[in-house]
Amino acid sequence: MKPLSLLPPDAARALAGVIFDLDDTLLDHGALTEAAYAALFRLRETGLSLIACTGRPAGWGEVLQRQWPIDATIVENGAVALVREEESDAAGHREGQAPRASRVITLDDLDREARRARRAELIGLANDMVRRFPAAALADDNDLRVTDVTIDIGEHRHVPPEDVRKMRAELRERGVRTLLSSVHLHLTHDPSDKATGIVRLLSARFGEDPTRARHRYAFIGDSGNDGVAFAAFVLTFGVANVRAHLGKLSVPPRFVASLPMGRGFAEIAQQIAELRKNAPEP
């Protein structure tokens with residue numbers, strides 16, 4: 001790992017976009033600060049595409065996609081993505097009238113009914129875990145999810161690590177895949193992770209070659225849940241609080257900010273923006 005001051009100007013200049021995690025990377029314990037939000041606009045102004053990638057539910061992603069200066073939002077650990085589709089003048093806009101609002105569409109390999117059937121089984125298993133491990137509870141964002149179910153282990157509850165280990169082992173025996181974040185235990189049948197979800201979106205929606213995309217986009221994260229993305233992309237950044245999770249990372253981020261969470265994100269954004277502004281044309 002290196003400090004941001006050692007980021008080469010040509011690496012910043014070569015970027016087509018930046019992908020970033022939400023919790024404890026852009027957000028401070030779930031809250032969006034003015035500095036972090038302004039950093040998104042600063043990156044956008046340098047010509048970069050912006051893509052949020054999170055374990056948070058699809059319902060969150062729809063709000064972000066409607067209101068933030070971002071091109072896409074990958075949710076539920078890579079399972080689905082949301083993009084904004086602009087309405088064209090050919091869709092009925094007449095001169096002198098207000099333009100039609102853009103709409104947000106969900107990119108998913110499964111149809112709605114298949115998703116509901118698959119998720120119903122997961123809800124039953126999650127309820128069984130909560131009954132047997134009283135320290136845990138269903139997370140309060142499950143109503144907004146479409147592909148997975150989450151158990152609160154650290155957001156509003158504190159579940160002993162041994163209980164989490166037992167739950168994961170039993171769920172694995174029942175054929176359920178689990179993903180662990182700092183606050184939630186995710187139950188899913190989807191094979192995707194953050195890295196595969198990102199590359200799939202970049203290829204299908206933005207026409208990127210899957211191999212080149214790993215060089216043309218940078219990733220910013222903060223924890224072990226971002227490990228697959230740190231390993232997948234060539235240029236990676238961590239906010240300062242990533243240091244507490246280095247034991248869970250086989251490949252750490254290449255550059256680390258001196259500040260944590262949203263302030264660290266703003267620090268990374270400032271460094272990238274300044275280098276892109278001042279670097280000579282290739």
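How many bridges join β12 to β13, and do these strands run parallel or antiparallel? Two bridges join them, and the pair runs parallel.

The views below come from a predicted model, in which local features need pLDDT of at least 70, side-chain atom pairs count only at pLDDT 80 or more, and totals for chains, interfaces and linings use all residues. Residues are numbered from 1 along each chain as its sequence is written, and side-chain values use heavy atoms, with hydrogens and water left out.

**View 1. The open sheet of nine strands and its edges.** Following the sheet across, the order is β1-β13-β12-β11-β2-β3-β4-β5-β6, with mixed pairing. The edge strands, each paired on one side only, are β1 (2-3) and β6 (103-107). Strands here are DSSP runs of E with at least two residues, helices are runs of H or I with at least four, and both are numbered from the N terminus. Two strands pair if DSSP finds at least two bridges between them. As a friendly reminder, strands of a sheet pair through backbone hydrogen bonds, either parallel or antiparallel. For a bridge to look at up close, try G238, whose partner in β13 is V256.

**View 2. R243 in its loop.** R243 sits in the loop that links β12 (236-238) to β13 (255-256). With a relative accessible area of 48%, R243 is partly exposed; the class lies between buried, under 20%, and exposed, over 50%, using a 1.4 Å probe and protein chains only. Setting aside neighbours within four places in sequence, R243 is in contact (heavy atoms within 4.5 Å) with M1, V256 and A257. From R243 to L22 the C-alpha to C-alpha distance is 17 Å, and the two are 221 residues apart in sequence.

**View 3. Two loop residues with positive phi.** Most residues other than glycine have a negative phi. H29, in the loop between β2 (17-20) and α2 (34-45), has a positive phi near 50°. For N77, phi is also positive, near 60°, and this residue lies in the loop between β4 (72-75) and β5 (80-85). Which of the two classes, buried or exposed, fits H29? H29 is exposed, because its relative accessible area is 67%. N77 counts as buried, because its relative accessibility is 3%.

**View 4. The largest pocket.** About 470 Å³ of space lies here. A pocket is an open set of points on a 1 Å grid over the protein atoms alone, where a 1.4 Å probe fits, with protein on both sides within 12 Å along at least five of seven lines; lining residues have an atom within 4 Å of a point. Points are joined across faces, edges and corners, and the volume is the space filled by probe spheres set on them. Of the 22 lining residues, L180, S181, S182, N225 and K248 are the closest to the centre. The elements giving two or more residues are α5 (161-173), β9 (177-180) and α8 (227-232), and β9 gives the most, with four. By class, the lining has six nonpolar, 11 polar and five charged residues. Nonpolar covers Ala, Val, Leu, Ile, Met, Phe, Trp, Tyr, Cys and Pro, charged covers Asp, Glu, Lys and Arg, and the others, Gly among them, are polar.

**View 5. The second largest pocket.** This pocket holds about 370 Å³ of space. Of its 15 lining residues, T106, D108, R112, R115 and V146 are the closest to the centre. α3 (58-67) and α4 (112-132) each supply at least two, and α4 gives the most, with four. The lining divides into five nonpolar, two polar and eight charged residues.
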